[in-house]
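Student: I've got a chain open on my screen and I'd like to talk it through with you. Can we go through it bit by bit?

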Amino acid sequence: MTGSVCTDLCHASGGATMHLKKYLLKGLHRLQKGPGYTYKELLVWYCDNTNTHGPKRIICEGPKKKAMWFVLTLLFTSLVCWQWGLFIKTYLNWEVSVSLSIGFKTMDFPAVTICNASPFQYSKVQHLLKDLDALMEAVLGRILGPELSQVNATTALNLSIWHHTPLVFINEQNPHHPVVLDLFEDNFNGSASSSPAPGRPCSAHRCKVAMRLCSHNGTTCTFRNFSSATQAVTEWYTLQATNIFAQVPNQELVAMGYPAERLILACLFGAEPCNYRNFTPIFHPDYGNCYIFNWGMTEKALPSANPGTEFGLKLILDMGQEDYVPFLTSTAGARLMLHEQRSYPFIKEEGIYAMAGMETSIGVLVDKLQRKGEPYSQCTKNGSDVPIQNLYSSYNTTYSIQACIRSCFQEHMIRECGCGHYLYPLPDKRKYCNNQEFPDWAHCYSALRISMAQRETCIYACKESCNDTQYKMTISMAVWPSEASEDWIFHVLSQERDQSSNITLSRKGIVKLNIYFQEFNYRTIEESAANNIVWLLSNLGGQFGFWMGGSVLCLIEFGEIIIDFVWITIIKLVALAQSLRQKRAQARYDGPPPTVAELVEAHTNFGFQPDSAMPGPDAGAYRREQNPPIPGTPPPNYDSLRLQPLDVIESDSEGDAI
């Protein structure tokens with residue numbers, strides 16, 4: 001039974017195959033036959049049956065009107081194509097429109113980052129900066145002139161720091177031949193005395209102060225000019241301090257900064273008290289220890305109950321200005337920034353200062369930005385499609401274009417200079433730049449810093465975030481505390497922090513902050529497509545209908561006639577190729593085509609002729625005189641050329657099938 005089932009299945013599959021071959025053959029014959037029209041007949045049929053108005057008039061009218069309608073139809077068709085091109089080009093520009101909407105709801109309080117303007121306590125880093133500070137005092141003495149220098153003449157300077165990146169005077173009295181003078185050129189080769197040489201040919205008011213940056217053992221040097229000696233010595237000291245701090249482990253740098261319990265004296269959020277334990281510490285190379293309130297890393301973001309000062313964040317900070325690093329920090333106060341939860345605070349670029357001895361009130365308004373993604377703008381949702389390694393991902397923060405640009409710069413720094421800059425995070429298995437291991441790093445960093453190609457590369461590679469929240473601040477300030485309340489406020493704060501009955505605080509270091517929502521209204525700035533597909537189709541259809549009275553069905557009719565034209569053309573090309581092939585085949589014969597008998601004789605092989613084919617007494621002599629050809633392929637069975645009855649052929653095929 002199983003065999004019969006298999007036989008039935010085989011017969012069924014064979015029948016289906018035969019039907020499929022039959023339909024394929026019919027389709028092939030239909031393709032070979034073509035539409036059955038000539039070009040002229042097809043064109044006349046289209047003009048007579050189309051729903052557009054112009055082609056019908058070309059067929060129906062007289063000769064003059066035919067010409068007129070032909071010109072009008074061609075003109076309006078050109079206008080339609082031109083308008084379509086403009087609309088399609090406008091659509092492919094991917095333009096956006098911006099809409100502004102205002103909402104009202106309870107919002108999460110922003111993350112607040114506060115830092116001291118001085119990154120370190122001078123009492124804890126003085127041993128690292130001892131030689132640099134002595135050299136800085138000597139430099140100031142040389143710049144100010146001998147008469148103003150108060151530096152001890154017997155103090156020996158460590159000029160190993162100076163040799164890497166010295167400051168120089170540039171005398172431009174002769175602009176075509178400026179003279180470069182080292183500040184210590186009179187005793188450059190040994191342990192120099194800091195006393196200036198008598199009768200110096202140059203001073204700050206007569207010459208420019210510049211920084212000399214050299215590489216390749218001093219063979220390649222550039223000069224970085226400054227308009228003021230103040231800027232020059234500040235940049236020079238910062239560069240040398242960067243070299244020193246880059247060699248100190250991060251744990252020691254944190255220990256040398258301002259601790260939270262010393263910086264944050266009082267905290268109040270709404271009606272709830274808070275303290276330094278509610279802040280998340282983070283080390284920033286520019287500002288040392290910074291502290292973030294409501295960062296949202298481990299706990300849920302805190303909401304604001306109501307707008308107004310009473311429901312915001314109130315802080316009293318002690319900057320400890322008396323312990324600032326004198327040559328590294330020239331600004332006193334607190335640096336603060338408002339940002340989203342789980343985002344890294346780029347406080348140097350986006351932060352603001354709060355003055356010491358003042359109460360600073362900051363009213364906050366919220367703007368939410370929502371950008372369209374590809375292809376309307378080059379924005380990213382999470383930075384996964386940005387080809388730059390985010391070095392700030394170790395902080396578990398969200399993507400931002402600031403993080404991308406700085407990561408890109410550090411990547412170029414490592415590739416060009418062989419080391420990473422101290423101000424940016426470091427990839428694995430890399431080192432920060434310092435004068436001992438990388439003596440040319442300052443020259444390389446300065447060149448990379450002003451490189452336009454580097455900036456354009458990073459800006460092109462980085463993308464903006466598609467969703468962003470910006471906090472607009474309204475800032476007001478007042479003196480705090482007042483003279484009437486200064487005494488008791490400082491007594492209370494000193495007692496709380498230092499358990500001292502004496503006043504240990506001063507107006508020079510105290511900062512009071514009030515941060516609050518002005519209102520719960522927030523603005524949403526959202527991008528939307530200015531020209532969508534509905535706009536495109538409506539404009540294309542409107543132009544086609546206005547100029548030619550057509551519709552989508554008319555376009556389908558036109559597409560049909562185009563297909564028929566292509567079909568007829570292919571058939572004609574195939575017929576032309578066949579005729580050329582036949583002509584080439586006929587060209588091989590000089591006379592008429594050979595007959596069947598001539599072809600049979602041409603295929604005769606003498607190697608298979610019997611010996612009796614050459615009778616006579618001279619047969620042996622013939623074989624001796626002429627060697628037969630080498631046996632080849634036997635001739636075909638020419639019996640297949642004989643005509644047989646149709647029933648015989650069918651019976652043979654049936655026998656084979658059996």
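Tutor: Let's start in a loop: K429 sits between α11 (401-417) and α12. Keep in mind that this is a predicted model.

Student: Okay, what is the sign of phi at K429, and about how many degrees is it?
Tutor: K429 is not a glycine, yet it has a positive phi. The value for K429 is about 60 degrees.

Student: And is K429 buried or exposed?
Tutor: Exposed means over 50% relative accessible area. K429 comes out at 87% relative accessibility, so K429 counts as exposed.

Student: N294 is another residue with a positive phi that isn't a glycine. Where is N294 found, and is N294 buried or exposed?
Tutor: N294 has a phi of about 65 degrees, and its place is the loop between β10 (288-293) and β11 (313-318). The cut-off for buried is under 20%. With 7% relative accessibility, N294 counts as buried.

Student: Back to α12, then. Which strands does helix α12 touch, and about what angle does its direction make with that of β5?
Tutor: Let's lay out the sheet before the helix. The sheet is open, has four strands in the order β4-β3-β5-β6, and pairs them antiparallel. Its twist averages 40 degrees from one strand to the next. Helix α12 (residues 441-449) packs on this sheet and touches β5 and β6, its direction making an angle with that of β5 of about 110 degrees.

Student: Which strands stand at the edges of that four-strand sheet?
Tutor: An edge strand here has a single partner strand, so one side of it is left without a neighbour in the sheet. The strands that fit are β4 (179-182) and β6 (220-225).

Student: How many bridges join β3 to β5, and what is the bridge partner of F169 in β5?
Tutor: Strand β3 (residues 167-171) and strand β5 (residues 208-215) run antiparallel, joined by four bridges. Following F169 across into β5, the bridge partner is V209.

Student: How many cavities of 30 Å³ or more are there, and which residues line the largest cavity?
Tutor: The count comes to one cavity of 30 Å³ or more. About 40 Å³ of space lies in the largest cavity. The residues lining the largest cavity are H164, T165, C214, N435, P439, D440, A442 and H443.

Student: There's an open five-strand sheet too. What is its strand order, and which strands stand at its edges?
Tutor: The pairing is antiparallel and the order reads β9-β10-β2-β12-β13. Each edge strand has a single partner, so one of its sides is left without a neighbour in the sheet. That description goes to β9 (279-284) and β13 (352-354).

Student: What does the twist of that sheet average, and what is the bridge partner of I282 in β10?
Tutor: From one strand to the next, the twist averages 30 degrees. β9 and β10 pair over six bridges in the antiparallel sense. For I282, the bridge partner in β10 is C290.

Student: Why are the buried residues of helix α2 on the same side of α2?
Tutor: In helix α2 (residues 39-49), the buried residues are L42, Y46 and C47. They are on the same side of α2 because they cover an arc around the axis of only 130 degrees.

Student: Which prolines come after a cis peptide bond?
Tutor: One such bond joins E374 and P375, with omega about 0 degrees, and P375 lies in the loop between β14 (358-370) and β15 (379-380). Another runs from W480 to P481, with omega near -10 degrees. This second proline lies in the loop between β17 (467-479) and α14 (486-498). The prolines are P375 and P481.

Student: Last one: which residues does F104 touch, leaving out those up to four places away in sequence?
Tutor: F104 belongs to strand β1 (residues 96-104), and at 60% relative accessibility F104 counts as exposed. The C-alpha atoms of F104 and N521 are separated by 4.6 Å, with the two residues 417 residues apart along the chain. The residues F104 touches are F520, N521 and Y522.

Note on methods
Residues numbered from 1 in each chain as written. Predicted model: local features only at pLDDT ≥ 70, side-chain atom pairs only at ≥ 80, totals over all residues. Heavy atoms only, no water. Buried < 20%, exposed > 50% of the residue type's maximum accessible area, 1.4 Å probe, protein only. Helix = DSSP H or I, 4+ residues; strand = E, 2+ residues; numbered from the N terminus. Arc of directions from axis to C-beta. Pairing = 2+ DSSP bridges. Axes fitted to C-alpha atoms, helices over the stretch in contact; angles between N-to-C directions. Contact = heavy atoms within 4.5 Å. 1 Å grid on protein atoms, 1.4 Å probe; cavity = no way out; pocket = protein on both sides within 12 Å on 5 of 7 lines; lining within 4 Å. Points joined across faces, edges and corners; volume = space filled by probe spheres on them.
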